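Let's take a walk through this model together, moving from one helix to the rings and then to the loops. Have the viewer open as you read.

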Amino acid sequence: MSIRISQIDKTYGHKGSGRTRALAPIDLDIRDGELIGLLGPSGSGKTTLLRIVAGLEQADGGTIHFGEREVTQVHVRERRIGFVFQHYALFRHMSVFENVAFGLRALPRRQRPSNGEIRTRVMQLLEMVRLAAFAERYPAQLSGGQQQRVALARALALKPDVLLLDEPFGALDAKVRQELRRWLRHLHEELGFTSLFVTHDQEEALELSDRVVVMSNGRVEQIATPDTLYREPANRFVFEFLGDVNRLEGDVAEGRLTCGNASVSVPGVEPGRRELLLRPHEVHLAERSIPAAHLPVTVASIVPVGAEVRLELEADWLEEPWLASVSHAEFERLGIARGRRLFALPSRLHGFDAAGAQNVALPVG
Amino acid sequence: MIAATLRRQASRRVLPGFGLSLGVTLTFVSLILLLPLTSLVGQLSQLSLSQYWFLISDPRILASYRVTLLAAAVAALFNAAFGLLMAWVLVRYEFPGKRLVDALMDLPFALPTAVAGVTLATLYSSQGWVGRWLETLGLPIAYTWVGIALAMAFTSIPFVVRTVQPILEDLPSEVDEAAVTLGARDGHAFRRVILPHLWPALVTGTGLAFVRSLGEFGAVIFIAGGKPFETEITSLMIFVKLQEYDYAGAAAVASIVLATSLALLLLINLWQGRFIRRLHGGGA
Amino acid sequence: MIRIGDAPGVRRLLIGVALVLTALFLLLPLVAIFAQALMGGIDLYWQNLSDRYTLAAIGLTLLVTLLTVPINLVFGVFLAWLVTRFSFPGRRLLQTLIDIPFAVSPVVAGLVYLLLYGRNGWLGGWLDSYDIQIMFAWPGIVLVTIFVTCPFVARELIPLMQAQGAREEEAAVTLGASGWTIFRRVTLPKIRHALLYGAILTNARAVGEFGAVSVVAGAIRGQTNTLPLQVEQLYQDYNTVGAFTSASLLALLALLTLAAKAALEWRAARRESLA
Ligand SMILES: Nc1ncnc2c1ncn2[C@@H]1O[C@H](COP(=O)(O)OP(=O)(O)OP(=O)(O)O)[C@@H](O)[C@H]1O
Ligand SMILES: [Mg+2]
């Protein structure tokens, strides 16, 4: 089921008392079967958007279509959505089985399956979330991760067209999160519903989503695949929000940026005072400079993190140190140690100004 | 032995005042609560079993048990419904005068029972504002068990409202929302999701209202009228026996009232404990 | 925001029913008390109010209240301190014992005191030989009132002090404060409102206790009549206006109690929303 959101906006609060514009008019097109992540800092309006799609909150204006059907005025009950709450919102007085069966038992008599059918369907769902053995337990007797799986099974019991999840893994520890993420991806592919989930964890959004919607201050900053988002951020906010950032500030003249004794070629960048940004993995290191880049640096600290080594680089032309990440092989090859003098070779530089984004690729091998 | 244990534990206590507060409390409890209660036991111990049985199974007394239980049960059930409604309306809706209505809910605890008694008796007597009107409909209230139930209901109104209200306030909005996103209609969601959450508080409140109604005296006697076998409540029987200086009879009947109330109170506490354990984990 | 029962029809119906029932069950009796009291005009009202026996009843009621409330406040604080700050065998039993006056019919409460202090009672006979009379006199009324109202203060304090824990008091001990200083400077400011609330409830019940008092008072007019007993006696004498005059005083006090309670709750809620 595709979802089309057009010109949805929302302001909380009454006239006079503190009004908050939670959503500026927002447009969003989600294709059938997509898994979309809503990413943004706290208070950016993610939950509000999700709840408006669910029908739990009424928008001030705009329309929402599920496929060809307009649902803007349709009650939550009739929207055929599944909703997973951040804190699970399981019914504490019902067993796991009854929680999952709730939606089926709530159907009008004519559509309601027989008790036998309900049992089969619920056990199937519990099988799927690998909790069949826990059917008779109460929510208070389950771990957080198990409760979240019950919440998922419960939301899926009515075979919704659209699954909405509000920070589904927010309250879980890193390992369980990882596991549940993979498992949600798997479920999504197997069952083929359209999903929209909220997170404020970049890694989670990038790993799980087909496309990511980056929001800030009630606006959509960019909608793109994780790959595009990372390589071609639409603006500075997106670039900075998605990971660590190194800054390079200097004067550009004739396609070359100069900063103290350092300089780098930046073809196509307008002359004048400019600030360019780059990511740690876009910083390569070499023993000598090349014509396109002369950026002398000193290794200030070394932190091995898993498969790579993180370096802090200092130079008198830099206001704050750069971060660089290199592979262990590279680390060995260059014989890196603290105090070693090397040359930085940026593979990409990103500039953002009022006119838009500029991504400069440099010929670095 | 116990004193030694206590002293040993006290020496490990950080905060001061254990000895003093224990002393004051035990003295008070013994003098004000236990000593008078033992006098009841003392009085009863002078009776033989058959005498005791004779006193508590007098037909007029038996009739009073029946009237008291019936009226208290009706009053408690009325309060279960009324209290649930009031708690719901006060927590979930906004309307002009809400603060006033909320404050009024405590009136029956603040108003002396005798005042409630004479007022209800006056209102519902055949010349009263309400009684006159009900009389023409063929519904006499004063001097019937319905009047007794009405007075009992009045004095125990706050129990259900005030036990259910905080639970309903603490119910997170996601509970409603989860039920609705799963397609439940309001009635279904209320019965299957909200009500079970309120159930322990509702039963506790209703139970307390019932216990209170069983012992109610001041509010009831005026509207009851005291027709033997019909509108005599058990508390009144004890009172009457006392006025006739029949202390043994009064003590015997009182022992029944006391035992029933305490047993019910204990039952309510046990039942509550069971529910709380299930909702907070531990024990399948 | 979607909430169950928010459909306008349902909401209006439930609010409507609730308001009608409240008006009928709670507001109407309240109005009736004052209407009946003022039925004979304001002059008669004053005349009834300044009646010798009524004044005596007011005096006795005040005496009983003035003795009961402080005693129960002190006891309530000690009990709450004991059960929330220490653990010892029998703590649960003690808490259960304290609830007995709530469960007991007031007539039974009066009865047990009568059995103890009456002329044929265990203590009564002995006291009688020293010419001390407790039953059918004001000391008896005070005693049963203490019995009936003893749980109120502790009931307010215990949950609060349990929730607050003993951390701050323990900190004060490590700073070398004495017991009294700890209570006055650390504990008391935290429980002030609950204490006041407990006192208000104790006061309301002490003023209005009827069943227990009527057993032990013996109803000697002008000597052992409290206000509620006065209401009953005048009512039985078919002096309706007189009965409701005394009743209106008690109703006024009830309204004050409700207002004080509402004010305390309002302040607590406001402090919470500011925190
Ligand atoms: N019920 C409400 N009443 C008033 N303001 C609200 C309400 N809900 C949200 N807001 C405001 O709307 C804005 C967006 O809130 P929203 O909950 O959508 O943010 P979010 O992106 O989900 O943040 P988080 O990551 O912290 O959950 C915030 O400024 C918030 O304060
Ligand atoms: Mg949120």
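Begin with helix H1 of chain A, residues 46-54: eight of its nine residues are buried, so the helix is largely enclosed by the rest of the structure. Keep in mind as you look that this is a predicted model. The buried set consists of Lys46(A), Thr48(A), Leu49(A), Leu50(A), Arg51(A), Ile52(A), Val53(A) and Ala54(A). Notice that Lys46(A) and Arg51(A) are on that list along with Leu49(A) and Leu50(A). Just after the helix comes Gly55(A), with a positive phi of about 95 degrees.

Positive phi turns up elsewhere too, and here some background helps. Most residues other than glycine have a negative phi. With that in mind, go to Tyr143(B), whose phi is near 65 degrees, a positive value in a residue other than glycine. You will find Tyr143(B) in the loop between helix H8 (131-136) and helix H9 (145-155) of chain B. Is Tyr143(B) buried, partly exposed or exposed? Its relative accessibility is 44%, and because partly exposed covers the range between 20% and 50%, Tyr143(B) counts as partly exposed.

Chain C offers another case in Phe136(C), where phi is near 55 degrees, again a positive value in a residue other than glycine. Phe136(C) sits in the loop between helix H7 (122-129) and helix H8 (138-149) of chain C. With a relative accessible area of 31%, Phe136(C) is partly exposed.

Now for the aromatic rings. Over all chains, the count comes to 24 aromatic pairs. One of them joins Phe83(A) and Phe85(A), a tilted pair with 4.7 Å from centre to centre and 45 degrees between the planes. Phe83(A) has 5% relative accessibility and counts as buried; Phe85(A), at 4%, counts as buried as well.

Phe28(B) and Phe75(C) make a stacked pair, with ring centres 3.6 Å apart and planes 15 degrees apart. Which helices do these rings come from? Phe28(B) lies in helix H2 (residues 18-45) of chain B and Phe75(C) in helix H3 (residues 52-85) of chain C, so this pair joins two chains. Both Phe28(B) and Phe75(C) are buried.

Chains B and C also both contribute to one aromatic cluster, formed by Phe217(B), Phe222(B) and Phe239(B) with Phe210(C) and Tyr235(C).

Some rings have a charge for company. In chain A, the charged end of Arg154(A) sits over the ring of Phe91(A), 4.6 Å from its centre. In chain C, Arg52(C) places its charged end over the ring of Tyr53(C), at 4.6 Å from the ring centre.

Finally, step back to view chain B as a whole. Chain B has 15 helices and zero strands, and its C-alpha trace spans about 75 × 65 × 35 Å along the principal axes. Of its 284 residues, 57% are buried. Among contacts between residues at least 6 apart in sequence, 75% join residues at least 24 apart. The accessible surface of chain B comes to about 12,300 Å², with 67% of it belonging to carbon and sulfur atoms. Chain B carries 20 positive and 16 negative charges, and the mean positions of these two sets are 10 Å apart.

Notes: Residues numbered from 1 in each chain as written. Chains lettered and ligands numbered in written order. Predicted model: local features only at pLDDT ≥ 70, side-chain atom pairs only at ≥ 80, totals over all residues. Heavy atoms only, no water. Helix = DSSP H or I, 4+ residues; strand = E, 2+ residues; numbered from the N terminus. Buried < 20%, exposed > 50% of the residue type's maximum accessible area, 1.4 Å probe, protein only. Contact = heavy atoms within 4.5 Å. Areas by Shrake-Rupley, 256 points an atom, 1.4 Å probe, with all protein chains shown as cover. Lys, Arg positive; Asp, Glu negative; His and termini not counted. Charge placed at Lys NZ, Arg CZ, Asp CG, Glu CD. Phe/Tyr/Trp six-rings, centres within 6.5 Å; stacked < 30°, edge-to-face > 60°. Lys NZ or Arg CZ within 6 Å of the ring centre and 35° of its normal.
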